Amino acid sequence: MIIIKVKDYSELSRKAASLVAEELAKKPDLALCLPTGATPLGMYEQLTDKNLDFSKATMFLLDEYAGLGVDDEESFACYMCLNFLDLVNFRKENVFMFNGKAADLDKECEDYEKKIEEKKIDLAILGIGKNGHVGFNEPGSSFSSQTRVVSLSEQTRESNAKYFEKGEVPSKALTVGLKTIMGAKKIILLASGAEKAEVIKQLVEGEISYQLPASVINTHKDAVLVVDRAASKLLK
Ligand code: F6R
């Protein structure tokens with residue numbers, strides 16, 4: 001994994017956006033897998049400002065809460081529309097997001113996995129949880145996991161409670177699996193802030209283990225970690 005150290009969050013956002021722009025320039029029909037959360041917000045802002053042409057590109061949302069749909073403001077689909085999709089020019093038919101309200105969530109995940117298999121992800125952008133999750137692949141997730149319904153850990157539900165007015169975070173979610181993520185041609189993992197310093201140390205210096213789902217990315221042949229000073233402060 002190549003490590004790119006930057007000064008702070010705004011530099012991280014600019015760097016991430018320029019890496020995406022480079023890939024899009026090489027391949028206008030780029031298939032992206034994209035995360036939500038606090039970390040990529042600056043990148044989305046930068047990407048929007050760059051006025052890039054996404055008309056031939058495809059995007060897959062990385063994960064979603066079970067029980068939520070695009071009309072729910074806490075849903076990742078809603079986040080993605082507000083922060084990125086409504087501001088750029090993806091074609092509707094090239095945007096794939098989970099329907100967390102589907103009657104059969106397992107089938108929803110199976111269909112999603114098939115769509116990804118068909119299109120093939122060129123570039124997966126990821127954030128990392130304090131417990132080492134990527135997407136909603138929580139500690140203990142198999143490296144051979146595909147897109148599926150998962151139970152969220154207490155730590156993840158606590159971290160995300162700030163986004164829910166009544167603090168009631170769903171207990172289940174749908175996520176692109178670790179094997180599916182690893183199938184991407186390129187992976188860019190973003191980490192910012194001191195609260196990620198411990199997990200970044202484990203990721204870079206620790207063992208590859210199911211207990212740290214993100215650690216599998218160390219075995220990918222084209223993975224880049226973009227990390228700011230605060231998140232990399234414990235690295236040797
Ligand atoms: C979000 C996602 C999560 C986040 C992670 C970090 O779609 O898949 O894995 O990337 O929880 O979240 P932030 O960026 O809010 O620290």
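**Notebook: ligand site and two positive phi angles**

I looked first at Lys-196, where an N or O atom of the side chain lies 2.6 Å from an oxygen atom of the ligand, a polar contact in the sense of a pair of N or O atoms within 3.5 Å. Of the accessible area of 410 Å² that the ligand has on its own, the protein covers 90%, as computed by the Shrake-Rupley method with a 1.4 Å probe. I note that this is a predicted model, in which local features need pLDDT of at least 70 and side-chain atom pairs count only at pLDDT 80 or more, while totals for chains, interfaces and linings use all residues. Residues are numbered from 1 along each chain as its sequence is written, and side-chain values use heavy atoms, with hydrogens and water left out.

I then looked up Asp-63, whose side chain has an N or O atom 2.5 Å from an oxygen atom of the ligand, and Gly-135, where a polar backbone atom is 2.8 Å from a ligand oxygen. The shell around the ligand consists of five nonpolar, seven polar and two charged residues, where Asp, Glu, Lys and Arg count as charged, Ala, Val, Leu, Ile, Met, Phe, Trp, Tyr, Cys and Pro as nonpolar, and the others, Gly among them, as polar.

I turned next to the backbone. Asn-51 has a phi near 55 degrees, positive although the residue is not glycine, and Asn-51 is exposed at a relative accessible area of 69%, exposed being over 50% with a 1.4 Å probe and protein chains only. Phi of Lys-120, likewise not a glycine, is positive too, near 65 degrees. Most residues other than glycine have a negative phi.

Conventions: Polar contact = N/O pair within 3.5 Å; in protein donor to acceptor, adjacent residues only side chain to side chain. Buried < 20%, exposed > 50% of the residue type's maximum accessible area, 1.4 Å probe, protein only.
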